[in-house]
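I am opening a new page for this structure. I want its overall build on paper before turning to a single helix.

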Amino acid sequence: MKNTIKVQRAIKDLTQDQLAQKVGVSRQTINSIEKGRYVPSTLLALKLSAVFEVSVNEFFELEDDD
């Protein structure tokens with residue numbers, strides 16, 4: 001699954017740590033999501049959506065092999 005979390009963070013001028021605090025996870029979790037090593041739960045995806053003020057579909061995209 002591709003994502004644009006890093007881009008969305010830049011738009012909101014947030015560090016990984018700041019974003020992690022806002023959604024209640026560790027900075028390492030945000031880093032893993034950005035690098036595509038971890039797929040977040042629905043709940044976490046919705047929390048990210050609320051922080052970024054965009055739909056989940058705007059920062060997560062399924063790839064052909066998903």
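My entries below go from the whole protein to one helix.

I note that this is a predicted model, where local features need pLDDT of at least 70, side-chain atom pairs count only at pLDDT 80 or more, and totals for chains, interfaces and linings use all residues. Residues are numbered from 1 along each chain as its sequence is written, and side-chain values use heavy atoms, with hydrogens and water left out.

**Whole protein.** I looked up the elements and found 4 helices and 2 strands. Both kinds are DSSP runs, numbered from the N terminus: helices are H or I with at least four residues, strands E with at least two. I read their order from the N terminus as β-α-α-α-α-β. The radius of gyration is 11 Å, close to the 11 Å of the globule rule for 66 residues, so the protein is as compact as a globular protein of that length. That radius is taken over C-alpha atoms, and the rule is 2.2 Å times the number of residues to the power 0.38.

I then checked burial: 38% of the 66 residues count as buried. Buried means under 20% relative accessible area, exposed over 50%, partly exposed in between (1.4 Å probe, protein chains only).

**Helix α1.** Which residues of α1 (residues 5–12) are buried? I found I5, Q8 and R9. Seen down the axis, they fall within an arc of 105°, so they line one face of the helix. The arc is that of the directions from the helix axis to the C-beta atoms. On the face turned away, I listed the exposed K6, A10 and I11. Just after α1, D13 takes a positive phi of about 55°.
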